[in-house]
Amino acid sequence: MTSRRMTSRRTLLKGTLCGSAAALLPTAASARGSGPFLRLPAPAGPYPVGMRTVHLTDPARSDPWVGGVRELMLTVLYPARSVRGFSRAPQLTPAEARLFAAYAPRVHPGLPQPGAVDWGAVLTHGYAGAPPLPGRRPVLVYSPGGGDSRTLGTSLAEDLASHGRVVVLVDHPGDASQVELPTGMRTTVLTGPPEPATFRTMTDTRIADLRFVLDRLGGLPLAPVMDRTRIGLYGHSAGGTAAVYAARDDRRVGAVANLEGHLALYPTPAGFGRPLLLVRTDGFEGAAGVESSWGDLPGRRALLTGASHWAFTDYGSLVPQLQSAGLVSATARAALVGTGDPAGTLAGVRREVGTFFAHHLR
């Protein structure tokens with residue numbers, strides 16, 4: 001990875017898809033006998049990770065895709081006091097896994113067809129319901145890429161939590177591939193890259209979702225260990241776009257990390273006024289447009305070499321494993337996550353994002 005300091009110029013915004021990375025462990029036969037046994041990388045911090053799922057409703061807003069009250073699903077990750085007696089949570093619920101298996105190869109040609117992979121067998125390193133470590137922790141709120149669910153940001157979030165932060169993963173029902181709500185399953189309205197009007201609706205909705213989550217932090221189950229004077233936003237692709245614009249006029253946000261999100265929808269003042277991290281890859285076909293849209297916005301820029309757009313997400317770990325199992329071609333892997341060493345990409349993403357927030361949310 002190489003990095004350099006940004007200067008300042010005008011900015012704009014346009015969106016794409018998701019964000020996080022990962023290391024590889026050897027692929028073994030699945031205990032369920034359904035394809036390869038896929039592993040997410042373990043977090044590298046000193047603390048075990050607890051996990052809780054939260055359902056929120058915003059009675060002040062109507063859902064722009066289906067009408068009715070706007071609903072959100074969150075995953076909250078945090079440093080745990082102990083995980084003894086608690087179990088690691090799956091990345092997807094059984095119902096989500098079935099829908100994801102059908103959705104993924106349509107959105108990303110080259111991923112295995114339904115039935116080739118048991119997506120429901122992939123475990124996180126978060127222990128559901130584990131008690132939190134006492135103390136007041138910085139809070140990081142994550143928005144995934146357009147079309148992706150919050151679960152594809154698990155690996156980076158777990159690592160951030162293992163180093164002492166509370167991390168809130170936000171799903172955006174309607175454009176997320178699948179979200180299991182208490183009221184039922186929601187699937188994406190996207191069938192390809194969104195039209196300009198759809199993208200504007202998607203971005204405006206995400207901005208409102210993020211600000212609503214900030215409003216509700218004090219009422220979440222983990223509120224006693226959240227230091228709401230130290231809040232950061234980060235996101236991948238369309239999520240990075242939304243994070244920047246959500247923070248623009250919200251002084252509660254102390255720092256923002258944008259992982260390869262276009263900034264070309266609304267003008268962003270040159271004097272953004274908050275620490276900003278802008279990270280992109282050298283293998284993404286839209287990289288030039290991303291770089292141009294950032295203009296001279298002040299902040300830190302970093303470049304991931306040997307990587308492509310979805311290396312920021314859990315695909316960065318899972319796709320190389322699928323290639324090793326003969327389920328993904330070298331061409332598909334290169335297009336999705338790049339040709340570089342996934343462990344090196346993982347280390348680069350963790351280093352850039354973790355160091356940035358450690359410095360600016362002391």
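These are my notebook entries on a predicted model of one protein chain.

**Entry 1: the whole chain**

I began with the overall counts. The chain has eight helices and 15 strands. Of its 362 residues, 60% count as buried. I then looked up the exposed surface, which comes to about 13,400 Å². Carbon and sulfur atoms supply 54% of that area. For contacts, I took residues at least 6 apart in sequence. Of those contacts, 77% join residues at least 24 apart.

**Entry 2: strand 9**

I turned to strand 9, residues 166-170. Is this strand mostly covered or mostly open? It is mostly covered, with five of its five residues buried. I checked which way the side chains go. V166, V168 and V170 point one way, while V167 and L169 point the other. Both sets are buried.

Next I looked for the strands that pair with strand 9. Strand 5, residues 69-79, pairs with strand 9 in the antiparallel sense over four bridges. In that pairing I found T75 opposite L169. Strand 8, residues 137-143, also pairs with strand 9 over four bridges, here in the parallel sense. V139 has V166 as its bridge partner in strand 9. I followed the chain from strand 8 through helix 2 to strand 9, and this β-α-β crossover is right-handed.

**Entry 3: helix 2**

The crossover helix, helix 2, spans residues 154-162. I asked how many of its residues are buried. The count is nine of nine, so helix 2 is largely enclosed by the rest of the structure. I noted that the buried set includes charged-letter entries E158 and D159. T154, S155 and S162 are buried there too, as are L156, A157, L160 and A161. Just after the helix, I read a positive phi of about 105 degrees at G164.

**Entry 4: aromatic rings**

I counted six aromatic pairs. The rings of Y142 and Y234 have their centres 4.8 Å apart. Why is this pair listed as tilted? Its planes stand at 40 degrees, so the pair falls between stacked, under 30 degrees, and edge-to-face, over 60. Y142 lies in strand 8 and Y234 in strand 12, residues 226-236. The two are 92 residues apart, and the pair links distant parts of the chain. Both tyrosines, Y142 and Y234, are buried.

I then took Y245 and Y266. Their ring centres are 5.7 Å apart and their planes stand at 80 degrees, so this pair is edge-to-face. Y245 sits in helix 4, residues 238-248. Y266 sits in the loop between strand 13 (255-259) and strand 14 (276-281). They are 21 residues apart. Y245 and Y266 are both buried.

I also looked for a cluster. Y142, Y234, F356 and F357 form one.

**Entry 5: two arginines**

I looked up R137 for its ring neighbour. The charged end of R137 sits over the ring of Y47, 5.7 Å from the ring centre.

R280 came next; I found it in strand 14. Is R280 buried or exposed? Its relative accessible area is 17%, under the 20% cut-off, so R280 counts as buried. Which residues touch R280, leaving aside neighbours within four places in sequence? I listed E260, A287, E291 and W294 among them. The list also has A302, L303, L304 and F312.

Terms used
Residues are numbered from 1 along each chain as its sequence is written. This is a predicted model: local features need pLDDT of at least 70, side-chain atom pairs count only at pLDDT 80 or more; totals for chains, interfaces and linings use all residues. Side-chain values use heavy atoms; hydrogens and water are left out. Buried means under 20% relative accessible area, exposed over 50%, partly exposed in between (1.4 Å probe, protein chains only). Two strands pair if DSSP finds at least two bridges between them. A crossover is right-handed if, with the strands pointing away from the viewer, the path from the first strand over the helix to the second runs clockwise. Rings of Phe, Tyr and Trp (its six-membered ring) pair if their centres lie within 6.5 Å; planes under 30 degrees apart count as stacked, over 60 as edge-to-face and the rest as tilted. A charge sits over a ring if NZ of Lys or CZ of Arg is within 6 Å of the ring centre and within 35 degrees of the ring normal. Contact means heavy atoms within 4.5 Å. Accessible areas come from the Shrake-Rupley method with a 1.4 Å probe; for residues, only the protein chains shown count as cover.
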